[in-house]
Amino acid sequence: MAPDPTVREAALAAASALLQAPDLAGRITGTTRHLRRLLTESTDGRERAAAVLTIGSWGEDTTGWLADPDPAVRACAALAPGCTGNNQATQVIFQALLEPAVVDAWFREPTTADPWVPDPLPQIDGRLRYALLSAAVERANHFEELLPVAMASVPFCSNLTVADDWGPLLAAAFPTGYSRHADLTPAQHRYLGALADRDVCWRYTHLIASWLRDVGLPTDRDAIEALLGRAR
């Protein structure tokens, strides 16, 4: 094993990509054994997270890390496709997302201000928090289960993040669309009200209009307030 963690990370990224090829699939088991040893020996949080993400992407079992002492490793283990129906994994994701600022502090990642951060985590397109949100939406049984996560994310939402956070969460809140003049559920009312209160979500509304239209909601903020029974 190379002593330089930068070299190890580059090697891991290369192996992760190469072993996606069908003719190299036979090497996954042996490489996974190597990564399991790395996860036991390494004290580098990013390296361990990258290793467990890679193991999961190959369809290997990551449930052993759902109780890891490092919350970032737990979350990355929970993202594995093999954990989709695992309630413990789902709860790990939900728990992490209750503290979005903590998740964002785990690793240096792309942001609006600095979108070109090199060396992203393997298997993650963009920010880890958005990948966790996507998994939470996919795995939740109903929006009421998602509501604490949705409310925790509101202070981080803006018109620029709609495709990654509040747009998919709105779609989860209105899975069959909003029916005109229908009563909002308490969960829908609370989440929509929190979004309506957040000014930065309503700048340049052409960026958010399609998300609102797709769930049958008005694209005008004042109309949202009227739907909520509030006057601006």
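In the predicted model, Tyr204 is situated in the loop that runs between helices α10 and α11. Its relative accessibility is 62%, above the 50% limit, and Tyr204 is therefore classed as exposed. Together with Leu160 and Leu207, Tyr204 makes up a nonpolar surface patch of about 340 Å².

The loop between α10 and α11 also contributes to an aromatic contact. Over the whole structure, the search returned 3 aromatic pairs. In one of them, the ring centres of Trp166 and Trp202 are separated by 6.1 Å and the ring planes meet at 50°, so the arrangement is tilted. This angle falls neither under 30 degrees, as stacking would require, nor over 60, as an edge-to-face geometry would require. Trp166 belongs to helix α9 (residues 166-173), whereas Trp202 is placed in the loop between α10 (186-196) and α11 (209-214); the pair thus links distant parts of the chain, 36 residues apart. Trp166 has a relative accessibility of 1% and counts as buried. Trp202 is likewise buried, its relative accessible area being 10%. A further aromatic pair is formed by Phe174 and Tyr178, with a centre-to-centre distance of 6.2 Å and an angle of 90° between the planes, which is an edge-to-face arrangement. Phe174 is buried at a relative accessible area of 4%. For Tyr178 the corresponding value is 17%, and because the limit for burial is 20%, this residue is also classed as buried.

Charged contacts were examined next. The structure contains 6 salt bridges. Among them, Arg48 is bridged to Asp68, with 2.7 Å between the closest N and O atoms. Arg48 is part of helix α3 (residues 45-57) and Asp68 of the loop between α3 and α4 (71-78), so that distant parts of the chain, 20 residues apart, are linked. Both partners are buried: Arg48 has a relative accessible area of 11%, and Asp68 one of 8%.

Another salt bridge pairs Arg127 with Asp104, the closest N and O atoms being 3.7 Å apart. Arg127 lies in the loop between α6 (100-106) and α7 (128-139), while Asp104 is in helix α6; the bridge therefore ties together parts that are 23 residues apart in sequence. Arg127 and Asp104 are both buried.

A salt bridge is also formed between Asp197 and Arg230, where the closest N and O atoms are 2.9 Å apart. Asp197 is located in the loop between α10 and α11, and Arg230 in the segment that follows α12 (221-227); this pair again links distant parts of the chain, with the two positions 33 residues apart in numbering. Asp197 counts as exposed, at 51% relative accessibility. Arg230, with a relative accessible area of 30%, is partly exposed. Elsewhere, Asp104, Arg127 and Arg129 are joined into one network by salt bridges that share partners.

With regard to covalent cross-links, a disulfide is a covalent bond between the sulfur atoms of two cysteines. The structure holds 0 disulfides. Of the cysteines, Cys76 is buried, with a relative accessible area of 1%. Cys83 has a relative accessibility of 2% and also counts as buried.

Conventions: Residues are numbered from 1 along each chain as its sequence is written. This is a predicted model: local features need pLDDT of at least 70, side-chain atom pairs count only at pLDDT 80 or more; totals for chains, interfaces and linings use all residues. Side-chain values use heavy atoms; hydrogens and water are left out. Rings of Phe, Tyr and Trp (its six-membered ring) pair if their centres lie within 6.5 Å; planes under 30 degrees apart count as stacked, over 60 as edge-to-face and the rest as tilted. Helices (H or I, at least four residues) and strands (E, at least two) are DSSP runs, numbered from the N terminus. Buried means under 20% relative accessible area, exposed over 50%, partly exposed in between (1.4 Å probe, protein chains only). Patches are made of residues with over 30% relative accessible area and no salt bridge: like charges are joined within 9 Å, nonpolar side chains (Val, Leu, Ile, Met, Phe, Trp, Tyr) within 5 Å. Accessible areas come from the Shrake-Rupley method with a 1.4 Å probe; for residues, only the protein chains shown count as cover. A salt bridge is a side-chain nitrogen of Lys or Arg within 4 Å of a carboxyl oxygen of Asp or Glu. A disulfide is a pair of cysteine sulfur atoms within 2.5 Å.
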